[in-house]
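Colleague: Could you take me through the strand pairing in this model?

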Amino acid sequence: MAAPAAPASPPPRAARAQCSEEALGAALADVPELARLLEIDPYLKPFAPDFQRRYKHFNQTLNNIGENEGGIDKFSRGYESFGVHRCADGGVYCKEWAPGAEGVFLTGDFNDWNPFSYPYKKMDFGKWELYIPPKQNRSVVIPHGSKLKVVIRSRSGEILYRISPWAKYVTREGGNVNYDWTHWDPEHPYKFKHPKPKKPRGLRIYESHVGISSYEGKIASYKHFTCNVLPRIKDLGYNCIQLMAIMEHAYYASFGYQVTSFFAASSRYGTPEELKELVDTAHSMGITVLLDVVHSHASKNSEDGLNMFDGTESCYFHYGPRGHHTLWDSRLFIYSSWEVLRFLLSNIRWWLEEYSFDGFRFDGVTSMLYHHHGIGQSFSGDYHEYFGLQVDEDALTYLMLANHLVHILYPDSITVAEDVSGMPALCSPISQGGVGFDYRLAMAIPDKWIQLLKEFKDEDWNMGNIVYTLTNRRYLEKCIAYAESHDQALVGDKSLAFWLMDAEMYTNMSVLTPFTPVIDRGIQLHKMIRLITHALGGEGYLNFMGNEFGHPEWLDFPRKGNNESYHYARRQFHLTDDDLLRYKFLNNFDRDMNKLEERCGWLSAPQAHVSEKHETNKVIVFERAGLLFVFNFHPSKSYTDYRVGTSLLGKFKIVLDSDAAEYGGHQRLDHNTDFFSEPFEHNERPYSLLVYIPNRVALILQNVDLPN
């Protein structure tokens, strides 16, 4: 997203940093399990005082919340009092935090838009509250679906109409530019029918965007996704979906990354109840649902966003230049603010409890971690880059609190960090001084594949460099590997399929026409790239919707630059349903790859043992989860009786073959063949066997003598 991820291996300079025995002892005394972190990575020992300071800041903040708010459980329920709420007696209670306001009022359809008839009462610490008593006839004071606004009288006397930061639903009607706050209080709210799934053993994520999930040139709905896309995801063998662009964002083309209303599910796809039904239906299929949460920044909109809510620029955000992200043109939160912490932690809890999400992918973590936000930085992996004054420890403390909250509320919840910097201990437990994420995205991997396809001939691919990129990750910090995500599909870039096959995808994907060299190469490498990434690259796997079958073209949202066209803001799933098109082959391979992982569990197994990365032969061989993986990337050479090493003695069978007919291959292998390993040492493995490996083919062999 920003730059290639930093290497996980520390350069020599890290070893030269010093930490006194006294400072180390103090750090070990304060951080309960820091000794374990330093045992895993001794190069971090010089930075023990940094981990000590971070942990103490987290612990002190948590204790302060306990002393002043009754604990993080109560503190994270801000949505139960802030905003607008119907009371048991039929009245309405309202509360806002507007420290820079001189006066606060509620107006809307319910009082014929009289701006000043319902003033809030000023409380301590910049809070304001209002109680509207019930009507004598007991009818609803503020009807469901009616429009509201908070009216702010600023210190300069200006009258501002605002949407509550805690608004649960906002809508835009007709040609209106701005969103309206629509009071959401249905008489019969959706009731969840299915329990949350258990945390998957191996995480296989289907990165999804509801709005583009139809082949039609329009914004698709929650209902469409529930009925048409979820069954496909289940059939493909993914056990997790990551929903993007759910938090309301005024600008559709921002891909959901310019959030305007943090507690509102985007109304462009339907109602909150329909989103709940989507999540519940996914749960009924055993699918975990993650929300792409954006707490790294916010839209600079003021009419329908958080910016200038109380008439000042420093309500939720830093004042002055520090409060503005120069590349994203957005506002930056002040994570040291008590009420900002309440707002963001309550937002985390809201999505977990109101919508039953199972966790989060935190966007823009690099921007949060550093005062420089990663702008203009090229992280080398030198440990000094991750400690010191450049680190925003207030933001880091917030991330620790968020992970702590998520995991105490729902221990099976999952958190994923999008970080390009390679921050050590990001995915280590908080008790070790880490930040507490479950996974980080392995962001260097897609960059490597794009680089190879753009800059190198097939015969010049470096097998050792591919293996290094796929395996270069911090020990015991889990990674989500992916060959491509939404970033690679966006306009200005190309998906892997388009890099491989380009314009020929328009003319030569029919099974009624012979393979052209371009299409043949593209289909074979597409499968190989995805399988080796899946099997070697991490402890989880991610795919962006449609890329599993080589979705043609790129992704571009309607905007002025393309005449507001939806032509590229859609996913053409029907291509895989056409038996006369070759997209079905890639779809079949992706499905069977996922289902084999479900059966064999390589994502939850220890990191693979790579026994061969042969530069001349273009062969990579490794073992993981009791399986033997063999890849021949050579563009033209096949190998008969090729010896590969293994740690297992016995009979092997082919369990996945990218050259099979159902995957668009050339059927050069007999799946009835038995392969027997013998006590012949090869590539430092005690046993070996002979196999035939055609060019541009990936094989997985399983020892059938082992119990399942």
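The exchange below covers strand S6 and then a six-stranded sheet.

Modeller: This is a predicted model, in which local features need pLDDT of at least 70, side-chain atom pairs count only at pLDDT 80 or more, and totals for chains, interfaces and linings use all residues. Residues are numbered from 1 along each chain as its sequence is written, and side-chain values use heavy atoms, with hydrogens and water left out.

Colleague: How many residues of strand S6 are buried?

Modeller: Seven of the eight residues in S6 (147-154) are buried, so the strand is largely enclosed by the rest of the structure. Buried means under 20% relative accessible area with a 1.4 Å probe, protein chains only; strands are DSSP runs of E, at least two residues, numbered from the N terminus.

Colleague: Which residue stands opposite Arg153 in S7?

Modeller: Ile159 does. S6 and S7 (159-162) are antiparallel over four bridges, where pairing requires that DSSP finds at least two bridges between two strands. Gly157, in their hairpin, takes a positive phi near 90 degrees.

Colleague: And how many bridges join S6 to S9?

Modeller: Two, in the antiparallel sense; Leu148 has Trp181 of S9 as its bridge partner. S3 (101-108) also pairs antiparallel with S6, over seven bridges, and Gly103 stands opposite Arg153 there.

Colleague: Changing topic, what is the strand order in the open sheet of six strands?

Modeller: The order is S22-S23-S24-S29-S26-S27, with antiparallel pairing. The edge strands, S22 (609-614) and S27 (675-676), each pair on one side only.

Colleague: Over how many bridges do S26 and S29 pair?

Modeller: Five, linking residues 651-657 and 697-703 as antiparallel strands; Phe652 stands opposite Asn703 in S29.

Terms used. Buried means under 20% relative accessible area, exposed over 50%, partly exposed in between (1.4 Å probe, protein chains only).
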